Amino acid sequence: MKWNHKWSTLMLAAGAMLALGLAGCSSKGASDGGGSTGSKTLTVGFWKGDSPKESEARDTLFKNFTKDTGIKIKQKVYNDYNTQLMTDLVGGTAPDVFYVDSSLLPSLQTKGVLESLSSYMKKDKYDASDFYAPTYKAFTGDDGKQYGLPKDYSTMGLYYNADLLKKAGYTANDIPKTDTEFLAFLKKLKTKLPGVTPMTISPLLARQMFIMQSTGAKIITKSGKANLSDPKVVSALQPLIDADAKDKTVRTFKELGFGSAMDAFGSQKTVFSDEGAWQVSGLKTNFKDLNWGTTEFPTINGQKANMIFTVGWSMNAASKQKDDAWRFIKFVTSKKQSQQYSTTASVLPSRKSVAKAMGLTDNKEMAPFVAAANYATPWIAGVNLDTIQSRYENIIPSAFQGKVTLADALKQATDSANKDIAKQDE
Amino acid sequence: MARKSERKRDITQAAAFVAPMLLVLLTFTLFPIFYSLYLSFHKVNLVGNVSYQFVGLKNFINAITDERVMIALRNTLKYVAIVVPVQTVLALVLATVLNSGIRFQKTFRSLLFIPTLTSSSALTLIFMFIFSLNGPINSLLMKLNLLAAPINFLNDQNSVMGAIIVMNIWSTVPMFMTIYLSGLQDIDMAMYEAADIDGANMFQKWFKITVPQIAPVTNYVVMMGLISTFQLFDQPYIVSGGSGGPNNATLTLSLIIYQYAFRQFGTMGYASAIALLLTLVVFLISMVFRHFSSENVTGEGR
């Protein structure tokens, strides 16, 4: 019996230790941001991006910051940003500073989870006039306050396969500058290059939003509901859909059987691809033999149009180290660090002076993307963009395949999205 | 007195042994269940200003009248109705073959078990390649002149679920086959010997002895199959990028719950309500199944 007793005491002790261990873990996590004297640690949340160079640039950035301030950086990598950030915000474990994609800014700002940077910027007389206006304004909330500072941006461009153009008897200078001429040009290419698809695209709202808004209508209403079924939106997108469903001059990369637009373009099976500037480094590493170039999009309905995607650094409103967080944001968006980061990662810097210093406006491959930053439509559309986007991307492949008409598809997407939006508000 | 203190000691001891498991069970199973039950009756905002607003049965009524939930339910039921019978029959047939004493029996067993060991997301990516426009299946069908043009299995609303069904059956059959294999060891060889003497052929033995004798294992396999197929999530998520497309063809109940819970603000309560309805559906179907299936194989000693 004595043995038994000993055992039970032991087990109780083990149980108590386990419980203490669990409690210890959680309390440790919570007090991490406490920041006592000595070495301080700042948690920074980000996603990795596609190129290894980007990670390298980010690591240098963090190292420079630690060298400069003595504050250590605890990295938190997001593999599924939307889901994980939301879980972190719910659980109160979100990092002090994290990436915010411009499209998410409206919903995060209205939920009050982002700290306004305006007062910090005012105190330090932070000069924001150097940023490209669309990238800076993307992080301005509806209350006029600033909720993030852009780290970089990307616009889209028209990638062309120079060898295939040559085979068809053209050069890059023959690429038409307006939408109707361009679609006619694709038809010519189709007859001249059998077995080649003239153009590949991605069936994504982020890639089609500027086309849909080219006739003057917005894809959302004033109250932020879906407005995809607006006749003006439908008529703006119809030529692109027809080019796929009827003419087969434009195919989505999925219809061509590829995993991404870059793979489709790199396989030499398409002449054109509409992709972001991020494809430049991807093509250079993965398709070294490909002879390609970039140019600006043709005008749509007589106007220059493009999309601009930007990601910024924002501060967690629940952070316990707001001063350190601001120091970090100020440091990483400074001219010097921005240039280091943009050069190493080969991304487009959000500061005009840095773009100039890097010689991007004279760079043959990058110039079309930099030029588009002046007139592009930002990838932002109210607080319900995620819902609207998901409904659009659910139905639009069937419209491209001609299985449903575009008007029906967009009507269905709009109704379904608005039903869900109503569910959130009621 | 002595006995009383001994009893007390026994209880303490028992409690100490159970405590760790109980703690885990409470935190990770019971608490989430009751919390989601609570959430399903509320309109919840968990991000920023946390708020719970009681809305009664509204989430449930919304769910029943929601067209997308009905599409998801239909897709899920169709998937279950095909996958569960096919995987059960296939698993039993394979197990019988591998138990019949053919050559390289052990090698085949190991080879066939490999799919179960691979992670389902990796499997999905491999199958996405196999089913892709330029993938092996299309080129094989083209070479055999069965197809004039390749089919885009994963981008077509009519075929994408079929592709998911095939990949799932392939990956789950081995697991159930292994369970059947162990069940087959328990069948009394004397019955087969008796059947041999009576002149029964292979098929008669299989239908009259193996199938009825293995019924308890079948019950287990079908039940597990039902539960896991109703939770179909990873394949549709990866194939459709989380949207459930093309044209809602891969929208399953688990996917719709995920969309409302984690992709959209303010609908956590609604997602919980759908989750509760899913639980109810699985529970009811399992109960009906149990009612009609008999565990009494031999008719003796029960």
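**Domains, chain contact and helix H3**

In this predicted model, the domain assignment divides chain A into domain 1, made up of residues 37–154 + 309–378, and domain 2, made up of residues 155–307 + 384–425. A distance of 28 Å separates the C-alpha centres of domain 1 and domain 2 of chain A. Each side enters the contact between them with 20 residues: 20 from domain 1 of chain A and 20 from domain 2 of chain A. On the side of domain 1 of chain A that touches domain 2 of chain A, strand E5 (149–161) and helix H16 (367–372) of chain A are the elements that give two or more residues. H16(A) provides the largest share of that side, 4 residues. By class, this side of domain 1 of chain A holds 11 nonpolar, 6 polar and 3 charged residues.

The contact between the chains takes 36 residues from chain A and 35 residues from chain B. Helix H1 (2–39) and helix H12 of chain B each supply at least two residues of the side of chain B that touches chain A. H1(B) gives the most to this side, with 9 residues. The side of chain B that touches chain A comprises 12 nonpolar, 19 polar and 4 charged residues.

In helix H3 (residues 81–91) of chain A, the buried residues are Leu85(A), Met86(A) and Leu89(A). Viewed down the axis of H3(A), these residues fall within an arc of 100 degrees, so they line one face of the helix. The buried residues of H3(A) pack against strand E2 (72–78) and strand E3 (97–101) of chain A, and also against helix H12 (253–263) of chain B. Just after H3(A), Gly92(A) adopts a positive phi of about 70 degrees.

Terms used:
Residues are numbered from 1 along each chain as its sequence is written. Chains are lettered from A and ligands numbered from 1 in the order in which they are written. This is a predicted model: local features need pLDDT of at least 70, side-chain atom pairs count only at pLDDT 80 or more; totals for chains, interfaces and linings use all residues. A residue is buried if 20 or more other C-beta atoms lie within 10 Å of its own, exposed if 12 or fewer, and partly exposed in between; C-beta atoms are placed from the backbone. The arc is that of the directions from the helix axis to the C-beta atoms. Two residues are in contact if their C-beta atoms, placed from the backbone, lie within 7 Å. Ala, Val, Leu, Ile, Met, Phe, Trp, Tyr, Cys and Pro count as nonpolar, Asp, Glu, Lys and Arg as charged, and the others, Gly among them, as polar. Domain bounds come from an automatic or database domain assignment.
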